[in-house]
Amino acid sequence: MSEISTNAYVLVSAILFTIGVIGVMTRRNAIIMFMSVELMLNSANLALIAFSRAKASTDGQIITFFVIAVAAAEVAVGLALLVSIFRAKRTTNVDDVSTLKG
Amino acid sequence: METVIFITTAIVAVGAALGMVLSSNAVHSALFLILNFCAVAVMYLLLRAPFMAAVQVTVYAGAIMVLFLFVIMLLGAEKADLGSEPIGWQKPVGVLLGAVLLAEGIYVAYKGIKLVDAPITAALGIGQPTTLSAVLFSKYLLPFEVISILLLVAIVGTVVLTRRTVKLKEAE
Amino acid sequence: MQDFIWLVPLLPLLGVIINTIRGTLAVRQRHTAAHVGDHGHADHGHHDHHNAARIPGWIASAMVIGAFVLTLATFFSLLGQPARTAAGENGRFFDVTYWSWMAVGNFSVPFGFLIDQLSIVMMLLVTGVGSLIHIYAIGYMSHDQRPTRFFVYLNLFIVAMLMLVMGNNFLMLFLGWEGVGLCSFLLIGFWFEQRDPPWASTKAFVVNRIGDFGLLMAMFAIWTLTRDVQGNPLHSLMFREVLAEQHVQTLQFTQTAFLGSQYTAAGAIALMLLLGVTGKSAQIPLFVWLPDAMAGPTPVSALIHAATMVTAGVYLIIRTHAIFQLSPSVMNFAAGLGAATAFVAATIAIGQYDIKKVLAFSTVSQLGYMVAAVAMGGYVAGLFHLLTHGIFKALLFLGSGAVIHGFGDEQDMRKMGGLKSKMPRTFWTYLIGTLALAGIFPLAGFWSKDEIIGYAYDNDHRLLAVVLIISSMLTAFYMARQVTMVFLGEQRDTSIHAHESAPIMIWPLILLAIGAVVAGLINLPGLHSLETWLAPVLNEPVAEPAEFHLGLAGLTLVLALASGWLGYYYYSRNARRIKANERDPLYRWGGDFYTILEDKWGFDSAYDLAIVKPYKAIAGFANRIFDARIIDGIVNGAGWVVNQASRGLRVLQSGYVRSYALMFLIGVIAVLGYFVLR
């Protein structure tokens, strides 16, 4: 049974991360930007678990566990913010929330 | 066999991610993201991390994405980008920089990392729930408790943020 | 007594502190009173103010008198000791060090006093004449707005002057030297709301700085160049170490190059010390500040600009005579400078109409005598003249102050005349001072001036002797002119009501007049008490009293009497021709030459043309062009650049979250790129 190398996982992780980045850069819908951020977190998790396997250590998986927990908290607060903004501005377009500028 | 599974899941994951970013409907995006999460969960299984795969599916693909869908439906924000792009160069520059980042990532993935993979046999046991929980409740006990407080704060914060202050004032 | 010597400068310092605190409290009280607005007792308050105005004066005077008494006690205790120890060394001195003033690396200077025959004599003059002038000033300043401030400054001056003469090292001397300069500045400009005093005080301060530069340089040179007998650097500023014979001799063998010429270290140091002397003791070319210093209150002129501070230069030469003696050329130069100053200033005094300006140039002239004397090696003669001059010139200044005070604050002699009957006591004391200054037998000036001339004659300085005799004739002439113009004849400006001054101002005059009569006793030919007293300090193995030349003294006396009579005769005869705002009768004779005298030989105009105007031009350039364009340009330019850069960077703060994310990404790529390219 041939084992997939860690490098291959890291490559996938990098691709997913880049897609997440491009999503944040290009999309204007706050919810989709938010989902892109989740994608980036997810790709980081993938890399962490790949390293965990490579080093035969549980630490990577534990950290992934924490990342998921923090992500849950972040999503809860972030979505609450979105709801608040939507109530005030009737929009989920981040470009409409640009009052604070020089 | 493993290689085939890996390549398939990798293609599904990348495709789902692209679909998430490119689709104009937020609901479709969310569904694509769930697909992506599931594909990544399969990869976790390949990486001998069954517990994390289960957490990935239940927490991420399950709870978090349900929350997303719920908000999208609630706000009625499934229709994507309304109006014209105010900063025209943002999109091409973002894609360009993303490409640069990807190049750097690939370089790091293949040239930068000089990991010597541990033997598979050593990695077999680490993903088991028993192993993980033993470490989590001994070595990582304090971070674990901190996380629980963080989640509590998040709950309180969410409640505060979404409460209608106008109604409160009227109540007074 | 030496255990209590620190009390001597401390008492006036205490006066400074007490008066400062009282003054501060009074000001606060007045503010409160003004706040309450109690106008009901305005008259009562006015009366109170006049009595209260005298309190700071009495406090200050009491402190100086206390210092005088202590100095006197110290003097007698020194007198009680044998003049020389068994080993033949000076027995009448003590050198006390209280604490280390500053110690940095190998530089260390103690705070201590050296009380020997020289400094005790100076201390007696400073505190003695100072006491009388303080008492006089109580009366003189009774109508002034700020008597407290005046007496604080005056007491502070006494402290600084005592530091100058009591210090046991060059830095202590310098402390006093700068302290008296500061007090002089403050007191010349005391009436700062008037037009002239601020300028005069600034001028005095700036001109004195030139001299101070010389003294500083001399101190640096002494610190670095003095060697001990083994040839190692001595690194000391203590008088008793540096000026000890075996150490000071080493200065003779060190050569220094300056402006392309070679000097011995002793010569260079002496020259720099001489620069300090010309500044403080108002010698050519730096005397120009002293006449202007008359803008200050008259007691200040008497104390600082006649009796004490201006003699600091003479004291400095006597104190460091060991260095001067190693360089005969500098000594001769200084002697010539002194004699020239004596002559030039005496001629200028003839051309002045301001009662105090005449005395000021007279002071410059007499300082020239002293410097010439000490530079010829006649230290005792110089110090003798310093003491007698301190007494009778203080008397003359205080007398002129009484005249000014009783003549409606008018200083122009052309408006005066006939004041003899209006203020008889002032007249008689002034006459005694005049005769003493003119060198008339048997008053103090006769003995001291004659000793200088005799010393010059004895030591092959015949030319200087002639110059000094001529100056002495001129002195008699201008003083006769002054007394005639002020006191004799008829009062020319009858609109001013002249009156005699209060007893508190007359009594110091009388005491000083007695001093002016008898001060010659301290070094009468044949007795030579001062000579004997000072001999151990001057390191002269056997005191060699200057011989008294009856013929020379007689000649000088006759010439002085003759020119004095001439002055009296001429100005009594021509009394009708003296009118306010018109030129002196002598102008008919002297013509343009007299104009030169009125113009003070053109020193002020020359300095104005050569230094002040170019300096102002440079300052103007620096102010208008350099400062306004270049400095301000740099400052404003810096602001402009920041402003413009901010305007440019403001675009980045667009408010679009995605733009911020983009910048964030650029940062991420850069950091990652670093790892890639590493």
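Leaving aside neighbours within four places in sequence, C:L468 makes contact with C:A339, C:A342, C:Y369, C:A372, C:I452, C:I453 and C:A456 in the predicted model. A nonpolar core of 214 residues, the largest one, has C:L468 among the residues with the most contacts inside it, together with C:F157, C:I269, C:A372, C:A394 and C:A516. The element that gives the most to this core is helix α16 of chain C (residues 379–406), which supplies 17 residues. A second core is separate from the first and comprises 74 residues, including A:A14, A:M35, A:A47 and A:F51.

For the complex as a whole, the predictor assigns an ipTM of 0.90 and a pTM of 0.69. In chain C the average pLDDT is 86, and 95% of the residues reach a score of at least 70. Residues 38–46 of chain C have a pLDDT that stays under 50. For this segment the model has one contact beyond four places in sequence.

The secondary structure of chain C consists of 27 helices and four strands. Of its 678 residues, 50% count as buried. Among the contacts in chain C with a separation of 6 or more, 78% are accounted for by residues 24 or more positions apart.

Helix α11 of chain C (residues 298–307) is mostly covered, with 10 of its 10 residues buried. The buried residues of α11(C) are C:T298, C:P299, C:V300, C:S301, C:A302, C:L303, C:I304, C:H305, C:A306 and C:A307. Several helices of chain C pack against the buried residues of α11(C), namely α3 (117–140), α4 (147–166), α5 (170–188), α10 (289–292), α15 (355–375) and α16. Helix α16 of chain C is thus a packing partner of α11(C) and also the element that gives the most to the core of 214 residues.

A further buried position of chain C is found in helix α19 (residues 444–458), where C:F446 is located. C:F446 counts as buried because it has 21 C-beta neighbours inside 10 Å, the cut-off being 20 or more. Apart from neighbours within four places in sequence, the contacts of C:F446 are C:G439, C:I440, C:F441, C:G520 and C:L557. One of these partners, C:G520, is 74 residues from C:F446 along the chain, and the C-alpha atoms of the two residues are separated by 7.7 Å.

Among the strands of chain C, β1 (residues 94–104) and β2 (residues 107–115) pair in the antiparallel sense over nine bridges. In this pairing C:D95 stands opposite C:L114 in β2(C). The two strands form a hairpin with two residues between them. Within the turn, C:G105 has a positive phi of about 60 degrees.

Chain A has three helices and zero strands, and its elements run α-α-α from the N terminus on. Buried residues account for 61% of the 102 residues in chain A. Of the contacts in chain A between residues at least 6 apart in sequence, 46% join residues at least 24 apart.

Chain B likewise has zero strands, and its helices number eight. Of the 172 residues of chain B, 26% count as buried. Where contacts in chain B link residues at least 6 apart in sequence, 54% of them join residues at least 24 apart.

Chain A is in contact with both other chains. The contact between chain A and chain B takes 67 residues from chain A and 75 residues from chain B. On the side of chain A that touches chain B, the elements giving two or more residues are α1 (6–26), α2 (30–55) and α3 (59–89) of chain A. The largest share of this side, 21 residues, comes from α3(A). By class, the side of chain A that touches chain B has 42 nonpolar, 18 polar and seven charged residues.

In the contact between chain A and chain C, 10 residues of chain A meet 10 residues of chain C. The side of chain A that touches chain C comprises five nonpolar, three polar and two charged residues.

Technical notes:
Residues are numbered from 1 along each chain as its sequence is written. Chains are lettered from A and ligands numbered from 1 in the order in which they are written. This is a predicted model: local features need pLDDT of at least 70, side-chain atom pairs count only at pLDDT 80 or more; totals for chains, interfaces and linings use all residues. Two residues are in contact if their C-beta atoms, placed from the backbone, lie within 7 Å. Ala, Val, Leu, Ile, Met, Phe, Trp, Tyr, Cys and Pro count as nonpolar, Asp, Glu, Lys and Arg as charged, and the others, Gly among them, as polar. pLDDT is the predictor's confidence in each residue, from 0 to 100. A residue is buried if 20 or more other C-beta atoms lie within 10 Å of its own, exposed if 12 or fewer, and partly exposed in between; C-beta atoms are placed from the backbone. A nonpolar core is a set of buried Ala, Val, Leu, Ile, Met, Phe, Trp, Tyr and Cys residues joined through C-beta atoms within 7 Å. Two strands pair if DSSP finds at least two bridges between them.
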